[in-house]
Amino acid sequence: MTVTVDRGTRAVGKQPHTGPRRPRTRTRTRDSYTLFLLPGILAFLAIIVVPFLMNTGVSLTEWQGVGSPRWSGLANYRELLDDAEFWASFRHSLFMVVAMAALPTVLGLVLAAALFDFVGKHFGPRWAAVLRACFYLPQVLPIAVAGIVWSWILAPDDGSLNALLKAVGLGSWQQDWLGDPDLALYSVMGVMVWVQIGFPLVVFMAGLQRVDPQLYEAAELDGAGWWRRFWHITLPQIRPETYVVLTWCTIAALKVFGAVYVLTKGGPGGATDVPSYFSFSTFFEKTQVGYGAAISTVLTVIILALSLIGLKLQTRAEDAEEGIRA
């Protein structure tokens, strides 16, 4: 029997697979990733890198905002080292770190544990979610709106706080909360605690949900109370979230501007001045553009260094947690 094979049909037909297919190379995958990252990279360069380099260049000049800038080298930075107003504003920013990072982290952790362990278990997760949304509401409000409302509350004559103190028989406690140099900074700090507390609360509640419940059950069977379970199980398990909160809130505290601008404009007498507002007033009000640019450059470098440290600590905590799980 003779078998005839049509060569034309065989040539056009599908060739038989004679071996294993080669795996796709990673080059095409990397190219596709680069294509998706390209818009973000371009936006990062246009919005952050290029303006920062331009600001750094301006900081090396003496310029009033009009005319041609005159090269001054590091003169603005040398002047900055001896500027008492700058160091005072930097000390005030340390108070803001306490108000916007340290206190909200501690209070947010306590409130998150209370909502997760008590409210969620005894009243249901819906009530815990409602209270969580209430605490997070100040984060959603524009800082200008919140600042105006608090300026009404803290007004010396017809403010709600002084009226409440008078109504409950504590009229001697009435103060000019934003006009007294000894109280203005602490008043702004109180407002910022109220604004900032919702962010740590939400992050910590998300972290508590990923803790293995069997750890709590085993500790409870061993006779460990709530505090021991919280200290030995909860805190180590949510260490990455703690670093995220501290890093994020510290950066927000160092670059805080809107609340100071709306509430006090750095006053009275510079009592609430912070580096970001000091740079703004030097740049636009005093028209010392080069000096204001030097202040903002130093502040940016400090924030960048703290960000890198925070990311390093977070990565180390995540690696340690993965090692424990493995």
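Buried, as the word is used here, means under 20% relative accessible area, exposed means over 50%, and partly exposed covers what lies in between, with a 1.4 Å probe and protein chains only. By that criterion, buried residues make up 35% of the 326 residues in the protein.

The model is predicted, and local features need pLDDT of at least 70, while side-chain atom pairs count only at pLDDT 80 or more and totals for chains, interfaces and linings use all residues. Residues are numbered from 1 along each chain as its sequence is written, and side-chain values use heavy atoms, with hydrogens and water left out.

**Overall architecture**

The secondary structure comes to 15 helices and 2 strands, where helices (H or I, at least four residues) and strands (E, at least two) are DSSP runs numbered from the N terminus. Among the contacts with a separation of 6 or more, 68% are accounted for by residues 24 or more positions apart; contact here means heavy atoms within 4.5 Å. The accessible surface of the protein comes to about 20900 Å², and 66% of this belongs to carbon and sulfur atoms, the areas coming from the Shrake-Rupley method with a 1.4 Å probe, with only the protein chains shown counting as cover for residues.

**Nonpolar cores**

A nonpolar core is a set of buried Ala, Val, Leu, Ile, Met, Phe, Trp, Tyr and Cys residues joined through side-chain atoms within 4.5 Å. The largest such core has 49 residues, and those with the most contacts inside it are M96, M192 and V256. At least two residues of this core are supplied by each of α4 (84-122), α8 (184-196), α9 (198-208), α10 (213-221), α11 (226-237), α12 (239-254), α13 (258-263) and α15 (289-325). Helix α4 gives the most to this core, with 10 residues. Once its neighbours within four places in sequence are left aside, M192 is in contact with M96, A99, M100, V256 and A259. Apart from the largest core lies another, of 5 residues, among them L80, F86, F278 and Y291.

**A buried threonine and a nonpolar surface patch**

T297 lies in helix α15 and is buried, with a relative accessible area of 6%. Its side chain reaches the backbone oxygen of A293 at 2.8 Å. Not counting residues up to four places away in sequence, T297 touches F52, N55, T56, S59 and Y77.

On the surface, a nonpolar patch is formed by Y33, L35, L37, L38, I41, L42, F44, L45, I47, I48, V50 and M54, which together have about 1200 Å² of accessible area. Patches are made of residues with over 30% relative accessible area and no salt bridge, like charges being joined within 9 Å and nonpolar side chains (Val, Leu, Ile, Met, Phe, Trp, Tyr) within 5 Å. One of the patch residues, I48, lies in helix α2 (residues 26-59) and is partly exposed, with a relative accessible area of 46%.

**Salt bridges**

A salt bridge is a side-chain nitrogen of Lys or Arg within 4 Å of a carboxyl oxygen of Asp or Glu, and a search of the whole structure finds 3 of them.

| Salt bridge | N to O distance |
|---|---|
| R70 and E62 | 2.2 Å |
| K286 and E85 | 3.7 Å |
| R210 and E241 | 2.7 Å |

The pair of K286 and E85 links distant parts of the chain, with K286 in the loop between α14 (275-285) and α15, E85 in helix α4, and their positions 201 residues apart. K286 counts as partly exposed at 41% relative accessibility, and E85 is partly exposed too, with a relative accessible area of 46%. R210 lies in the loop between α9 and α10 and E241 in helix α12, so this pair ties together parts that are 31 residues apart in sequence. R210 counts as partly exposed at 30% relative accessibility, whereas E241 counts as buried at 13%. In the remaining bridge, R70 is partly exposed, with a relative accessible area of 49%, and E62 counts as partly exposed at 42%.

**A proline in the α13–α14 loop**

P268 is found in the loop between α13 and α14 and counts as partly exposed, at 23% relative accessibility. P268 and P181 are 87 residues apart in sequence and 5.6 Å apart in space, C-alpha to C-alpha. Not counting residues up to four places away in sequence, P268 touches L178, G179, D180, P181 and A184.

Note on methods
A polar contact is a pair of N or O atoms within 3.5 Å; within protein, one must be able to donate a hydrogen and the other to accept it, and residues adjacent in sequence count only if both atoms are side-chain atoms.
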